[in-house]
Structures are given as C-alpha cells and as structure tokens.
Amino acid sequence: MTMKSFPMKKPLIACVLAASSLLPALAANPLFKNRFTADPAALVDGGRVYLYVGVDEAKPDDKDYVMNEWRVYSSCDMQHWTDHGAPLKATTFPWAKGRAWASHVVKKGEKYYFYSTVEHATVPGLSVGVAVSDSPTGPFVDARGSALITNDMTKQTDIHWDDIDPAVFIDDDGSAHLYLGNTFLKYAKLKPNMTELIGDYQVLPVAPFTEAAYLHKRAGTYYLSYSQGFPEETVYQTGPSPTGPWTKGPVIMHMNSGVKTIHQSIVDFNGKSYIFYHNAKLPGGSEYRRSVAVEELYYKADGSILPIEQTIAGPKANPSPGCKVKK
Ligand code: FUB
C-alpha cells in the first residue's frame, strides 16, 4: 500500500482569514464594526437593500457630532453587507459648510434622490439639500444648486436645527411627500421633478415630537414613525392619508443607553419587514459615536406594530432570489 503525498497545507486559520477578507462583512448587530455609523435610511431596489448612513467621526472626548459624509452599504440577505463607499459628502453641496446629518434616499423613475441635512454656509442653521444620481451607490450631485429648505423659511422655533431629518415617501399614485423637522413636524409635497416644493410646507399636528419622521405604507394604511422625548424612543401613528388624521400607536423601541438618539427607518425586503436604528453598542460608542443595527419587525393581524427588542444577533438570513447590484 502506498501513501499519497499532499502538498504542505497553510494553517487552517490563515485560510479562513484570507477567505473572509474577500467576503462582504457578515453582520450581527451593530452592522458595521470598523466605523461609527448613525441615522440609517434604507431603500429596497432590484431585490437588494441599500442602507445609507451618516459617519460619526467624533473622538471619544468630543462634545458634538463630527459628520462629514454619508456611506452606502447593500445586502441581498440582511446578513452580508457590501461597503460601496461614500457616494457624497457635505461638500457635494457647494452652498453648505458641513454637518452631514440624517439623510433619506428614494427612487423616482430611473433616478435616485438623496435628501439630506447639512449646515448652510450663509443662512444660519441647518438646511435640507437634495442630490441626484443614476445609481443607488452614487456618485450623487447637487440637484438644485441651492438648499431645498433653509432655517429662515420655518418660524416655529428659534432652534437652529429644527429643519433636519428629511424623509420622502412616494405614494402609489406617484405623488411625493416630504417630512422633516425637530420639535415641529413639517410637511410639504414635492413637484414631480423631486427638487421643488409644491406651495408652502405645513406643520402637522403631532406632539410630542422630537425628530426622525419617516413614512411608510402597508395595506392601505400610512404609518408615521418618529422619535419622541429625549432620550428618544421610537413611536408611530397611523392614518388614512399621508397627512393623517393620525391615531397614536404604542412605543415600539425603547430608549438607548449611552446615546439619546435612536433614528429609525422601516422597510419591507423579500417578504419580511425590518427596522434599522442606531445605538451606542459598538465598543467605544457614545452620544457622538453611534452604531447602526437592524431587527425584524412584526405586525399584528390588526396592523399594529409589535414592540421591537434590540438584539445582538439581528435578523435571520433572508436571501433575496432576484438580488442585483445596480452599478
Ligand atoms: O446625526 C445627527 C442627528 O442626530 C440626526 O439628524 C438626528 O436624527 C439624530 O440622530
């Protein structure tokens, strides 16, 4: 009997490490371990979920947000995430001077519109800009050459960050609805070009309201979710139209420890529903060093949303058969 000879094998651990560096990150919560991320905004397109996040660059002792750019990740199964880099920065808006705070991205026709909070260079306070791209992974360019909303257009408070957290909902009839605000929830319809308001914005009667308004629709009911209180908890209301009248639901996610904000985004993906949010659970995390996470979200038979527990494991794998990368 002869012995077969085998070439020398690399130690197993070296092979595993080499292989894993070629794969997208396999994520339990927090989803991204190599940087602090915040203010998730999800978009499902072509069977793939794209996740836009702000980047918290604050050092451990910083006492304010340091946010200069947004990044986009994508997944075909809610577990493996591909990093597509930074498709735009606050400097993408020539009229802005920084503060890449919360954003939201929608698709209309073949274009992707990126609505974001940035600090205006000449109008004191935070403002809303809109950028556009042919791809969900960018690059995005300023769509207007000016802000869509500036702090001087809204007079309800003297707070200079009361025009933040834009979120756009496109209804089945193609109409586009913009929600934004801190302390007061503001609303306006967008023109079909997605870059101009139809008339004036209005204040929706939702109180107490802190920020992070987000609208989604399910089985004919409109769900307006947002952050309430400070520290924030996630709540929602339901209504028969994009502007209500609203019926208040329960708290669906309790406040974080270690960070007062929580900022949710709710989407359906491959037959299931999910909520993205942020907390401070990445090691070294804090108020200005946050980390994005995701959980499956469940509805009761009456359409109400069940309370969501934050977990380390995150959702089970949900491979989407039609998943494509749009370049
Ligand atoms: O990330 C800066 C601000 O913190 C966001 O605009 C708010 O929603 C809160 O998450």
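Author: In this predicted model, a residue is called buried under 20% relative accessible area, exposed over 50%, and partly exposed in between.

Reader: Is K191 buried, exposed or partly exposed, and which value places it there?

Author: The class follows from the relative accessible area, with partly exposed lying between the limits of 20% and 50%. K191 therefore counts as partly exposed, its relative accessible area being 32%.

Reader: How far apart are the closest N and O atoms of E196 and K191?

Author: Side chains of opposite charge can pair when their charged atoms come close. E196 is partly exposed, at 32% relative accessibility. Its salt bridge with K191 has closest N and O atoms separated by 3.6 Å.

Reader: In the salt bridge of R99 and E119, which residue is buried?

Author: The two side chains meet at 3.1 Å, N to O. R99 lies in the loop between β7 and β8 while E119 belongs to strand β9, so the bridge ties together parts 20 residues apart in sequence. R99 has a relative accessible area of 22% and is partly exposed. At 17%, the buried residue is E119.

Reader: Which residues are linked with R35 and D83 in a network of salt bridges?

Author: The side chains of D83 and R35 form a salt bridge of 3.2 Å, N to O. This pair links distant parts of the chain, 48 residues apart. The network joins R35 and D83 with E69, R71 and K89.

Reader: Which strands stand at the edges of the open sheet β16-β17-β18-β19?

Author: The four strands pair in an antiparallel manner. Each edge strand has a single partner, so one of its sides is left without a neighbour in the sheet. The edge strands are β16 and β19.

Conventions:
Residues are numbered from 1 along each chain as its sequence is written. This is a predicted model: local features need pLDDT of at least 70, side-chain atom pairs count only at pLDDT 80 or more; totals for chains, interfaces and linings use all residues. Side-chain values use heavy atoms; hydrogens and water are left out. Two strands pair if DSSP finds at least two bridges between them. Helices (H or I, at least four residues) and strands (E, at least two) are DSSP runs, numbered from the N terminus. A salt bridge is a side-chain nitrogen of Lys or Arg within 4 Å of a carboxyl oxygen of Asp or Glu. Buried means under 20% relative accessible area, exposed over 50%, partly exposed in between (1.4 Å probe, protein chains only).
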